[in-house]
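Open the model in your viewer and keep the sequence panel beside it. The tour below goes stop by stop, with a selection to make at each one.

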Amino acid sequence: MKLLSPFIALFQAVFLILWLVFWITLSGLAALLTLNGEVPLMMARRFWAPMHWRITGSPLLVEPLPDVDWSKPHIFLMNHQSAFDIPVAFAVIPVNIRFIAKHVLKWVPFLGWYMAGTGMIFLNRSNRREAMRSLKEAGERIRAGSNILAFPEGTRSKDGRILPFKKGSFVLAVEAGVPIIPMAVEGTNGMLPPGSIRLRRSPIRVKVGPPISTAGRKGADREALMLEVRDVIIQLHRDIGGAGGEPQDTSTAGNS
């Protein structure tokens with residue numbers, strides 16, 4: 001079996017790339033036929049996303065969802081362990097979501113086209129002015145009724161522990177004035193360990209917390225809100241067997 005491992009890994013990687021191309025093409029055609037931009041997001045949730053853990057035989061274990069009015073827009077904030085966090089979020093959240101992604105993904109064939117076509121937000125963290133413009137655009141999308149997913153750590157955690165949060169997601173939350181729904185994921189880093197291209201079987205656990213209101217919050221409240229949400233996500237992460245994280249020194253918190 002060890003001798004076959006490189007070939008199995010290659011097959012899985014090629015299959016997922018072809019799977020992505022197939023569903024992007026199909027969902028694009030569906031959007032043209034229905035004239036509905038929400039259709040590709042629905043197809044991603046129901047069909048594209050689940051294959052990412054099924055191909056390795058990894059079970060997805062989701063704690064019961066909290067009582068949420070899913071008809072209203074929210075900002076979903078989740079810890080970040082792996083590239084597989086996005087398909088997991090697509091499958092777990094029972095409404096269509098758009099997410100904030102690194103701007104370099106905009107230039108990836110098929111994936112970048114799909115993201116641009118479905119209204120994803122591209123964030124260039126190396127350019128503060130562009131980053132703030134992207135966050136303002138995300139706020140407009142939310143007020144128009146979209147749900148947004150963001151990873152407030154800003155990058156993937158290499159050891160699974162929750163990193164310090166950046167402030168950008170909370171600038172967005174306060175500006176948009178919609179509730180934050182905290183989420184924790186554990187196990188996606190086991191499916192695709194840092195520095196590896198070989199997929200592995202790893203149980204994935206997800207827990208979604210109740211909404212955290214941003215009503216009445218002002219700009220000066222962003223830091224306290226960030227720490228509050230981070231503490232909640234750390235506890236959610238520990239509840240599902242994760243390591244959680246250390247208290248955050250707010251002097252290290254970036255703006256995007």
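**Stop 1: strand S2.** Select residues 75-78, which form strand S2. Both of its faces are covered: Ile75 and Leu77 on one side, and Phe76 and Met78 on the other, are all buried. Buried here means under 20% relative accessible area, with exposed over 50% and partly exposed in between (1.4 Å probe, protein chains only). Helices (H or I, at least four residues) and strands (E, at least two) are DSSP runs numbered from the N terminus.

This is a predicted model, in which local features need pLDDT of at least 70 and side-chain atom pairs count only at pLDDT 80 or more, while totals for chains, interfaces and linings use all residues. Residues are numbered from 1 along each chain as its sequence is written, and side-chain values use heavy atoms, with hydrogens and water left out.

**Stop 2: the partners of S2.** Add residues 180-186, strand S6, which pairs with S2 in the parallel sense over 4 bridges. Two strands count as paired if DSSP finds at least two bridges between them. Three positions are worth labelling: Ile75 stands opposite Ile180, Leu77 stands opposite Pro182, and Met78 stands opposite Met183. Now add strand S5 (148-150). S2 and S5 run parallel and are joined by 3 bridges, with Ala150 as the bridge partner of Leu77.

**Stop 3: the whole sheet.** Show every strand. The open sheet has 7 strands in the order S1-S7-S6-S2-S5-S3-S4, with mixed pairing. Strand S1 (60-62) and strand S4 (121-123) are at the edges with a single partner strand each, so one side of each has no neighbour in the sheet. From one strand to the next the twist averages 25 degrees. Angles run from 0 to 180 degrees between N-to-C directions, and axes are lines fitted to C-alpha atoms, for helices over the stretch in contact.

**Stop 4: towards the S4 edge.** Select strand S3 (98-102). S3 is mostly covered, with 4 of its 5 residues buried. S3 pairs with S5 in the parallel sense over 2 bridges, and Arg98 stands opposite Ile148 in S5. S3 and S4 also run parallel, joined by 3 bridges; in S4, Ile121 is the bridge partner of Ile100.

**Stop 5: helices on the sheet.** Select residues 85-92, helix H4, which packs on the sheet and touches S1, S2, S3, S5, S6 and S7. A contact means heavy atoms within 4.5 Å. The direction of H4 makes about 55 degrees with that of S7. Next select helix H6 (residues 128-143), which lies across S2, S3, S4 and S5 and runs at about 160 degrees to S4.

**Stop 6: helix H7.** Select residues 168-176. Of the 9 residues of H7, 8 are buried, so this helix is largely enclosed by the rest of the structure. The buried residues are Gly168, Ser169, Phe170, Val171, Leu172, Ala173, Val174 and Ala176. They pack against S2, S3, H6, S5, S6 and helix H9 (222-239). Just after H7, Gly177 has a positive phi of about 70 degrees.

**Stop 7: strand S6 and Glu186.** Return to S6, where 7 of its 7 residues are buried. Ile180, Pro182, Ala184 and Glu186 are on one side, with Ile181, Met183 and Val185 on the other. S6 and S7 run antiparallel, joined by 4 bridges.

Centre the view on Glu186. Which residue in S7 is the bridge partner of Glu186? It is Arg205. Glu186 is buried yet has no salt bridge, and Arg205, the nearest side chain of opposite charge, is 4.3 Å away. A salt bridge requires a side-chain nitrogen of Lys or Arg within 4 Å of a carboxyl oxygen of Asp or Glu; Lys and Arg count as positive and Asp and Glu as negative, while His and the chain ends are not counted. The side chain of Glu186 does make a polar contact with that of Gln81, at 2.8 Å. A polar contact is a pair of N or O atoms within 3.5 Å; within protein, one must be able to donate a hydrogen and the other to accept it, and residues adjacent in sequence count only if both atoms are side-chain atoms. Setting aside residues up to four places away in sequence, Glu186 touches several residues, among them Pro203, Ile204, His237 and Gly242.

**Stop 8: Gly242.** Finish in the segment after H9, where Gly242 lies. Gly242 is buried, at a relative accessible area of 13%. Apart from neighbours within four places in sequence, Gly242 is in contact with Glu186 and His237.
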